[in-house]
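User: Could you walk me through the charged pairs in this one, and then the greasy part of the surface?

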Amino acid sequence: MSEQPRFRHQRYTRQPDTSRAEFLRAEPCPPLDSAEFRQQLAQVGRQLVAADVDRVMLIHGTFGGNDGAGLAAALRRASPRAADGLEWVIKSVIDLVLGDRGNYPPRSAPELQAWLSAETSRSVAVERFIWNSENHHLGRADGAVRLIDYLARQPTVYGARRLLLGHSHGGNLLALVTQLLAASTDKVDSFFQAAERYWRPASGGHDHFPHWAQVREWLLAGHGPELARTLDVVSLGAPVRYGWDLAGCGRLLHLMSHRPREGAKNRYCAAFPLTVTEWLRGSQGDVIAQVGIAGTNFAPIPLLRRAWHADHRLADVLQGTVEPQGQWERWKTGPRVHDTGPTLLVDFGVQSWLVLAHAAGHGLYTRAIWAPFIFRTIVERLYGNGAAEQRATGTAAPGVSVYK
């Protein structure tokens with residue numbers, strides 16, 4: 001696989017490109033049940049409609065999905081119906097336990113849609129996209145392929161845009177989407193060949209993963225750029241990992257919770273190692289995004305030899321350009337700033353001692369109580385006066401080709 005075309009991966013250095021990074025203090029939001037809270041989101045909805053955004057997609061991160069351990073995937077080849085049931089149970093338990101702490105529960109989409117559409121001429125649709133959330137290359141690759149498959153099947157209005165929000169490794173799923181939509185045919189081939197052992201059915205066997213073959217043919221037919229021009233992408237606390245391709249989306253923005261340690265030589269990088277207090281209170285920002293960089297994948301479960309083989313081959317395609325340094329040295333670089341697109345380093349303040357309430361600073365982006373700040377920041381940066389350059393490159397997007 002070493003001679004196969006590789007996807008871009010971000011570099012780890014104590015001297016990141018900070019030309020597009022900016023520090024921002026999170027403004028306190030009004031109470032969740034207040035009229036001011038609803039008014040702020042209604043204003044966001046009017047701005048989204050003015051920018052021709054007709055759909056918002058909420059994409060959870062690692063362990064927020066329906067098969068974080070790969071058990072349903074192992075079961076699917078024997079009984080797809082049982083696998084579907086297991087996925088429903090897993091996701092229901094996750095939603096019950098996490099709520100909106102680093103997760104988008106079922107109520108998040110209808111509530112946000114009602115808030116955003118309260119004073120608009122047309123409704124801004126909001127939906128969740130659920131993927132397996134396994135913490136390895138294959139899990140994120142499968143999520144990216146499923147998302148492309150889903151988006152390509154949706155009818156679109158000429159010029160309409162879709163705003164995709166990816167939390168945690170849901171952001172890295174979106175990074176793969178941007179690279180796939182902009183990829184040359186040889187890169188598309190290298191990606192799908194690497195995972196072929198997983199998705200291609202055995203001789204005479206049933207095809208349990210038809211979306212892989214369909215997306216491969218669709219991309220090879222050159223439809224990727226058509227879809228890319230309709231997508232605006234935002235990562236929320238995404239660990240600095242896979243590279244991003246601006247040709248694979250219309251607009252791109254990153255939000256990262258970050259509070260520089262007092263006296264730090266490089267305010268753009270996270271401190272490491274952290275003290276116990278910094279871990280528990282998230283006082284230096286998003287701890288999970290800080291440690292979830294290259295080298296922290298889990299292996300697929302032993303029951304799935306085909307998945308293990310595909311993940312191993314994907315590692316070369318997706319992460320083969322990472323410098324051969326130890327994990328401790330990689331963590332010490334404290335990556336916060338993504339190398340493509342603007343990164344907003346947001347100071348959410350010191351959190352409480354109840355680490356589960358904020359997931360070590362990683363669960364703030366998805367909390368309903370922070371929705372006005374998060375969405376006001378997004379629409380201002382992507383569609384406001386300061387976004388003229390990006391707006392000029394992507395608003396008049398054509399309709400998207402769909403499967404026949």
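User: Which residue is linked with Arg-25 and Arg-259 in a network of salt bridges?

Analyst: Quick caveat: this is a predicted model, where local features need pLDDT of at least 70, side-chain atom pairs count only at pLDDT 80 or more, and totals for chains, interfaces and linings use all residues. Residues are numbered from 1 along each chain as its sequence is written, and side-chain values use heavy atoms, with hydrogens and water left out. A salt bridge here is a side-chain nitrogen of Lys or Arg within 4 Å of a carboxyl oxygen of Asp or Glu. In this network, the partner of the two arginines is Asp-347.

User: How many salt bridges does the structure hold?

Analyst: The network of Arg-25, Arg-259 and Asp-347 is one place to find them, and Arg-76 with Glu-87 is another pair, at 3.2 Å from N to O. The structure's total is 23.

User: How many residues apart in sequence are the parts that Arg-76 and Glu-87 tie together?

Analyst: Helices (H or I, at least four residues) and strands (E, at least two) are DSSP runs, numbered from the N terminus. Arg-76 sits in helix H2 (residues 71-76) and Glu-87 in helix H3 (residues 80-98), so their salt bridge joins parts separated in sequence by 11 residues.

User: Are Lys-91 and Asp-95 buried or exposed?

Analyst: These two meet in a salt bridge at 3.1 Å, N to O, and both belong to helix H3, 4 residues apart, or about one turn of the helix. Buried means under 20% relative accessible area, exposed over 50%, and partly exposed in between (1.4 Å probe, protein chains only). Lys-91 has 5% and Asp-95 has 9%, so the verdict for the pair is buried.

User: Which residue forms a salt bridge with Arg-251?

Analyst: Arg-251 is in strand S6 (residues 251-257), and its partner is in strand S5 (residues 231-236), 19 residues apart, so the pair links distant parts of the chain. Arg-251 is buried at 1% relative accessibility. The closest N and O atoms are 3.0 Å apart, and the partner is Asp-232.

User: What accessible area does the nonpolar patch with Val-89 have together?

Analyst: Patches take residues with over 30% relative accessible area and no salt bridge, joining like charges within 9 Å and nonpolar side chains (Val, Leu, Ile, Met, Phe, Trp, Tyr) within 5 Å. Val-89, in helix H3, is partly exposed at 42%. With Trp-88, Val-93, Leu-96 and Val-97, and with areas from the Shrake-Rupley method using a 1.4 Å probe, where for residues only the protein chains shown count as cover, the patch comes to about 560 Å².
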